[in-house]
Amino acid sequence: MTKTMPTIFIPTPLREMTGGKASVVVSASSVREAIQSLEAEFPGIRDRLCEGNHIRPNISVFVDGQVSHLKMREKLSEKSEVHFVIAISGG
Amino acid sequence: MATLDKPSEYKVIGTSPLRHDGVDKVTGRAAYGADIRLPGMLYGAVLRSPHAHARIISMDTSEAEKLHGVHAVITAKDFPDLESRIVELGEGLVNRKYQSNNILARDKVLYFGHAVAAVAATSLHIAKEALDLIRVEYEALDPVMDVRKAMEAGSPILLDDLRTDEFGKKGETPTNIAGHYKDACGDIEKGFKEAKFIVEREFVTKMVHQGYIEPQNATAQYNPDGQVAIWCSTQGAFGVREQVAEILEIPISNIRVIPMEIGGGFGGKIGVYLEPLAALLSRKSGYRPVKLTMDRSEVLAATGPTSGSYIKVKMGADANGKITAAEALLIYEAGAYPGSPVGAGMGVIFAPYRIENGVIEGYDVVVNKPRTAAYRAPGGTNAAFAAETVMDELAEKLGMDPIEFRLLNGAQEGDRRVDGSAYKRIGYLETLEAAKESAHYKTPLSGPHTGRGVASGFWFNYGGKSSASVSVNKDGTVSLLEGSVDIGGTRTSLAMQLAETLGIPAEDVRPVVADTDSIGYTEGTYGSRTTFATGWAVYETARDLIEKLKERAAILWEVEKDKVTFESGVFSSGDKTLTFKELAEKLDETGGPVVASAAVQPKGYGPGFATHIVDVEVDPETGKVQILRYTAVQDVGKAIYPVYVESQIQGGVAQGIGWALNEEYLYDEQGRLLNTSLLDYRMPVALDLPMIDTILVEVANPGHPYGVRGVGEVPIVPPPAAIANAIYRAIGVRMTELPMSPARVVEALIHKP
C-alpha cells in the first residue's frame, strides 16, 4: 500500500535532535504514524512530544493550519502540514 | 463548507433585531449570581493573606468555629491533597494542584490576597467577624515582583516543585521559570546583514485587570446524596463543572452548574475561585446553601489579572522597505502559578507580517502576584505594543507612510508565520487599505502637541465544542437551548443564524442559556468562538430540523419526503406550499412534537486582523493624553449583527485605551497591592473617550456556513501601540512603558534628547 508523505514541521527547540532540519517529510497516514516515523529517524523526539500514548497536554497539534482535536488519531493526506505548538488560550 | 457569497440575499443576518434579553437587562430583572436567595442560605467570607510571600506555620480556626452563627470554617486541609497534573478544560490547561492551592493556600501564600480560609455563617457580618478570629502564623519570605529578578540565580523560589519546561524537556533544579519557548525561521543573522535600517527597543508593561463590573460570586447547595448545584457568574458552566470535579475529586455527574447572567468576564471568569469553597462550605455546614460574593478589593487582589511583561524587539528593513529580519524576546509574568499567555504573545508579535528571517523567544515566569488569567486576546496587547512601535519607527527611518510600510510587508494567504504555519484566506491587507482610504486618515490633523498613530493587531480565534437543541412550538416560534453564556449579545447572534436558516424572523426564536444538565457539552464563551462555533451548532440543528419538518410536510401531502423542498422558510411540493409557521400549526396531525439537536467541534475558524488609527493631544505640562479621534478597522468575516460587532470593537478599544494610558497594578516593596479599588485602579470612563468609529471589513470566512469570524478579542490588541505612536508624533518621544500615564509622559519629556 502506498503511504502518504506529509510534511512535519519540527518545533525550534527540537531541531537540535534533527540536525537543524526545520521540516521533515515522513511516510505516515496519521499523526501517530508521523511521530513514529520521526522517532525512528530521530530517537528521543517522541518523548519530547508525547506523554505515554498521548500528545503532551501543553502542546497543540495543528494540521493544515487548524488545531487537531483528534491529535494522534488525526488522519494525514499527501499535502498535509503538521505543526506542534505550545497550547494557547483566549479570553 | 462554502460560504454563502450573496450577502444581499440574507433576510436576517446583517440586520438589527431587538435583543432577546434586552428588556430583562434594562429593567433590572435579569438574574445575576448575587441575586440568588435560597431558603436557609448562609453567607460566606474568605480570609486572605496580608503577605505576598510567606510560609504558613500554623492556622487555628477554633475561636471562629465557636462564634454564634458560624456553621462552617474550611482551610486547605478540607480539600483533597492533589498531585500535580495538567488537566485539559476545553481551550485552557489547568494544573489541578496549583488550581487547588490558588483557591486555598496549603503551605505557602504566594501573593497579597491569597485565600487561606473560608467561613459560612448566618450573616455576612458574622462571617467577617469570624475571619478576625482565625489565627494564622506566617513566616514572611522575600517577595519576587519582577520577572527579570525572578529569573536570576539565587532569587527566592516560589514553588519548590517547579522545573523549567522546554518543549517536553524538564529542568533539574528548582526555578521560577516555568517555561522557555522558541520559534525560528530563516537565517536571522543574514536577515540583519541585509537590513539598511535596524531598530531595537525594550518595552515594559504592567499587570492589568480585566475590569469586569460584576465581581465573582458563587452559591452552592450540596445534598446528602452527594449531588451539588452551583449558581455562579462564569464564562463557561461546563468548565466550572470540570474544575470543581477535579479539585474536589467528585464525579462530574454529581455537579450541576447553573450559569447566571454575567456582568463581564473578558477571560477572567473561566477559572474558578469561589465555587469549590461554596460547595465545601455547604457540605460542612449540614447541607445548607452557601453564597459567596467578592468585593472589588478581592477581585483586584486575587482574581485573574493579565501579565505584566518585559519585551525586547529588534527589526530590520532594507532600503526598499522590505522587512529582512525580526527578533523578539518576551518574558511574561505568570503570577503565582505557571500559565502566562507568553505563547500567545509569541504568536501575535509578528503575525501581521511576512517574516523570512525571524526568532521569537519566550519565558513564562512565576512572581508573587495573583495567578494570571486570560484577558481578551491574552498576551497579544503586550506583544503588539512592542512590535508595532518598532514598526512605526522603522517606517519613520525609511521615510514611508506607516500604512504603506505595513501594506508592503503585510501577510496574506499562503504566507508563513515564524512558527512555520501558513495562512489561509485572511483580510489583513484589506484592513490596511480601508484604513488608508478612511475619512479619518484622509483628514489632516493640526494643532500643537497633536499626533496621529497607526498600529495593527492579530488574534488567532478559536472553534471548540458546542451544542444546541431546538423545539418547534405550535405558534411557529422555535425554542433554542444553547450552552454558551451570553456575553455581548450571543443569544441574539445565535438566534439570527437559526432564523436565517429556517427562514423565520429572529423574533420568532426564543433563546435560552441552559445549565449543564440541560444541554450538551459546550465550551465557554471565550476565544472569540461563540458566534462561530455555537452558531455552527445552531446552523446544523436548523438543517436537521428542516429535514424532520420535510417528513411532516410529506405526511400531510401524502407524498414521498424527497418530493418536498424547502427554501426561504417555505416547504413546497408541486403546487402545495406551507410556510414554516403554517406547518408548525399542523405538527399534531403528523406525529406530534419535533425537536432537533446538534453537537459540533468545527475547524475553519479564521484569524482576525485589525488596523487602528488614533489622534491624540498631549498636554506637555501635565503629561495628560487626550484621545481626540479613534477609528478601528477590522476584518470581521461576516457581521451577523453589525451593531454588536461594532460594540465588541468599541469595548475592546476602550479597554485597550485604559491599558495604554492609566491601568496598572501598584505594589509596595513588600508586595502589597496598593490600588484595590476602582478609585485608584483607573479604568477609562465615558468622559475619557471620544466616539470610537469602526469600519467593518467583511472578508467572509470560508470555514463557516455564514462566513463568521471571531471578532471580540483582536480590537484590544492595537490600541496601546497606536496611542504610543500618536504620542511620538505629538511630542517627539517614544513611549516604551505602559501605562503611558501623565507621570510617565512628563518623565519622558524631561529626558527627551
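Buried area is the accessible area that two parts lose on being put together, summed over both. The exercises below use a predicted model.

**Exercise 1. Describe the interface of chain B and chain A by its contacts and buried area.**

Solution.
- Start with contacts. 40 residues of chain B touch 32 residues of chain A.
- Next, take the area. About 2800 Å² is buried between the two chains. Carbon and sulfur atoms give 57% of that area.
- Then find the main contributors on chain B. Phe167(B), Lys603(B) and Tyr605(B) supply 26% of the area that chain B buries against chain A, more than any other three residues.

**Exercise 2. Count the salt bridges across the interface of chain B and chain A, and examine the pair formed by Glu81(A).**

Solution.
- Apply the cut-off: a side-chain nitrogen of Lys or Arg within 4 Å of a carboxyl oxygen of Asp or Glu.
- The rule finds 3 salt bridges across this interface.
- Glu81(A) pairs with Arg416(B). Their closest N and O atoms are 2.4 Å apart.

**Exercise 3. Find the cavities of 30 Å³ or more and work out what lines the largest.**

Solution.
- The whole structure has 4 such cavities.
- The largest holds about 80 Å³ of space.
- Its lining includes Asp183(B), Phe350(B), Arg416(B) and Asp419(B). Arg416(B), in this lining, is also the salt-bridge partner of Glu81(A).
- Sort the lining by class: 7 nonpolar, 1 polar and 4 charged residues.

**Exercise 4. Repeat the analysis for the second largest cavity.**

Solution.
- The volume is about 60 Å³.
- Among the lining residues are Arg48(B), Asn102(B), Tyr273(B) and Met294(B).
- By class, the lining has 8 nonpolar, 1 polar and 1 charged residues.

Methods. Residues numbered from 1 in each chain as written. Chains lettered and ligands numbered in written order. Predicted model: local features only at pLDDT ≥ 70, side-chain atom pairs only at ≥ 80, totals over all residues. Heavy atoms only, no water. 1 Å grid on protein atoms, 1.4 Å probe; cavity = no way out; pocket = protein on both sides within 12 Å on 5 of 7 lines; lining within 4 Å. Points joined across faces, edges and corners; volume = space filled by probe spheres on them. Nonpolar A, V, L, I, M, F, W, Y, C, P; charged D, E, K, R; others polar. Contact = heavy atoms within 4.5 Å. Buried area = accessible area lost by both parts, 1.4 Å probe.
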